[in-house]
Amino acid sequence: MDGMETRRKLVNVLIHVILIIVSITMLIPFLWMVLTAFKSVTEATSVNPFTILPKEWRTESFTSVIENMNFLLLYKNTLLLIFFRVLCAVLTATMAGYAFGRLTFRGRDLAFGLVLFQMMVPVQIFIIPQYLMVSKMHMLNTIFALVFPGMVTAFGTFLLKQGYMSLPKDLEEAARLDGCNIGQTFLYIMAPLTRSSMVALGIFTAVFAFKDLMWPMIVNTDKDMLVLSSALAKMQGQYVSKFPELMAASLLACIPMIIIYVIFQKQFIEGIATSGGKL
């Protein structure tokens, strides 16, 4: 028994050491971004491997990017993009997932096969048709144009379908005996039980919307309708070698997601853990 206990402790120590090393490795790029934002251009481009901390903590980079970029407007556009994409994705995926997972109707398997096919096809294939649709509606350079590709999500439909299929059939039978129709069963019985899957979908949708770069740069060319990702991409041509300005803008761009994570940290962990998903 003592040998097994000692072996178990050694395994736990080894696991913790590996996790600590991996965590430090993942934090290094973020720390490098923070330190570079406070350096001068000379220090940021120095080939000296021992130049880690700035000799003097400078804030000129933050002042420069704040003066040249309207971050309040970028924050507003980005948060509106995230909010409406999450709202539309959760609403449509919840209803579609319930229909595919719990209802029986003609053509269900074929329709769900088309959903799976959309998941297997690269999203870049849909950019031209989606752009033409938004252009025909005269909705370019609007928040609607940013939200449009994420209004319906194949991944969300699949995720919620799996969530509904994991629920026992006795719940629907009990609701039917109590006089509930399909809408009442969905709204009051089934949907609340898939809250963890909805939270997980909201997490994935928010992260994907925040990271989306190609679509915002294509559909919105007006500087007043830029989001953080497209604004940072346009900075690379303006500040080719000014790495402190790039890192300062990147650090400021991280603020919304950091705040969202701090507020919804419990829901983030619960949603990912209970859904079995990963970012």
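This report walks through the cores, ring pairs, salt bridges and surface patch of a predicted model.

## Two nonpolar cores

The largest nonpolar core has 21 residues. Those with the most contacts inside this core are Phe62, Val65, Met69, Phe71, Leu74, Met235 and Ala249. Five helices give two or more residues each: α1, α3 (60-68), α4 (71-102), α13 (228-238) and α14 (243-253). Helix α14 gives the most, with 7 residues. Apart from this core lies another, of 19 residues. Among its members are Ile143, Ala145, Val207 and Trp215.

Two residues of the largest core deserve a look. Start with Phe62, in helix α3. Phe62 has a relative accessible area of 13%, under the 20% limit, so Phe62 counts as buried. Leaving aside neighbours within four places in sequence, Phe62 is in contact with Ala37, Phe38, Ala248, Leu251 and Leu252. Ile203 sits elsewhere: its C-alpha atom is 29 Å from that of Phe62, and the two residues are 141 apart along the chain. Now take Leu74. With neighbours within four places again set aside, Leu74 is in contact with Met69, Leu226, Val227, Leu228 and Ala231.

## Aromatic pairs

The whole structure holds 13 aromatic pairs. One of them joins Tyr98 and Phe186. Their ring centres are 5.0 Å apart, and the planes meet at 45°, which makes the pair tilted. Tyr98 lies in helix α4 and Phe186 in helix α10 (residues 182-193), so this pair ties together parts that are 88 residues apart in sequence. Both rings belong to buried residues: Tyr98 has a relative accessible area of 5%, and Phe186 is at 16%.

Phe100 and Phe105 form another tilted pair. Here the centres are 6.3 Å apart, with 40° between the planes. Are these residues buried or partly exposed? Phe100 is buried, at 12% relative accessible area. Phe105 is partly exposed, at 37%. Ring pairs link Phe100 and Phe105 with Phe112 and Phe158 into a cluster.

## Salt bridges

Side chains of opposite charge can pair when their charged atoms come close. The count here comes to 4 salt bridges. One of them joins Asp212 and Arg85, with the closest N and O atoms 3.2 Å apart. This pair links distant parts of the chain. Asp212 is in the loop between α11 (195-211) and α12 (214-219), while Arg85 is in helix α4, 127 residues away in sequence. Asp212 is buried, at 19% relative accessible area. Arg85 is buried too, at 8%.

Arg58 and Glu56 also meet in a salt bridge, at 3.9 Å from N to O. Arg58 is partly exposed, at 30%, and Glu56 is partly exposed, at 49%. Asp109 forms a salt bridge with Arg108, with the closest N and O atoms 3.7 Å apart. Asp109 is exposed, at 61%, whereas Arg108 is partly exposed, at 23%.

## A nonpolar patch on the surface

Which residues form a nonpolar patch on the surface? They are Leu27, Phe30, Leu31, Ile258, Tyr261 and Val262. Together they have about 540 Å² of accessible area. Helices α1 (2-37) and α15 (255-263) each supply at least two residues of the patch.

Ile258 is in helix α15. Its relative accessibility is 40%, between the limits of 20% and 50%, so Ile258 counts as partly exposed. Helix α1 appears twice in this account: it supplies residues to the patch, and it gives two or more to the largest core.

Methods:
Residues are numbered from 1 along each chain as its sequence is written. This is a predicted model: local features need pLDDT of at least 70, side-chain atom pairs count only at pLDDT 80 or more; totals for chains, interfaces and linings use all residues. Side-chain values use heavy atoms; hydrogens and water are left out. Patches are made of residues with over 30% relative accessible area and no salt bridge: like charges are joined within 9 Å, nonpolar side chains (Val, Leu, Ile, Met, Phe, Trp, Tyr) within 5 Å. Accessible areas come from the Shrake-Rupley method with a 1.4 Å probe; for residues, only the protein chains shown count as cover. A salt bridge is a side-chain nitrogen of Lys or Arg within 4 Å of a carboxyl oxygen of Asp or Glu. Helices (H or I, at least four residues) and strands (E, at least two) are DSSP runs, numbered from the N terminus. Buried means under 20% relative accessible area, exposed over 50%, partly exposed in between (1.4 Å probe, protein chains only). A nonpolar core is a set of buried Ala, Val, Leu, Ile, Met, Phe, Trp, Tyr and Cys residues joined through side-chain atoms within 4.5 Å. Contact means heavy atoms within 4.5 Å. Rings of Phe, Tyr and Trp (its six-membered ring) pair if their centres lie within 6.5 Å; planes under 30 degrees apart count as stacked, over 60 as edge-to-face and the rest as tilted.
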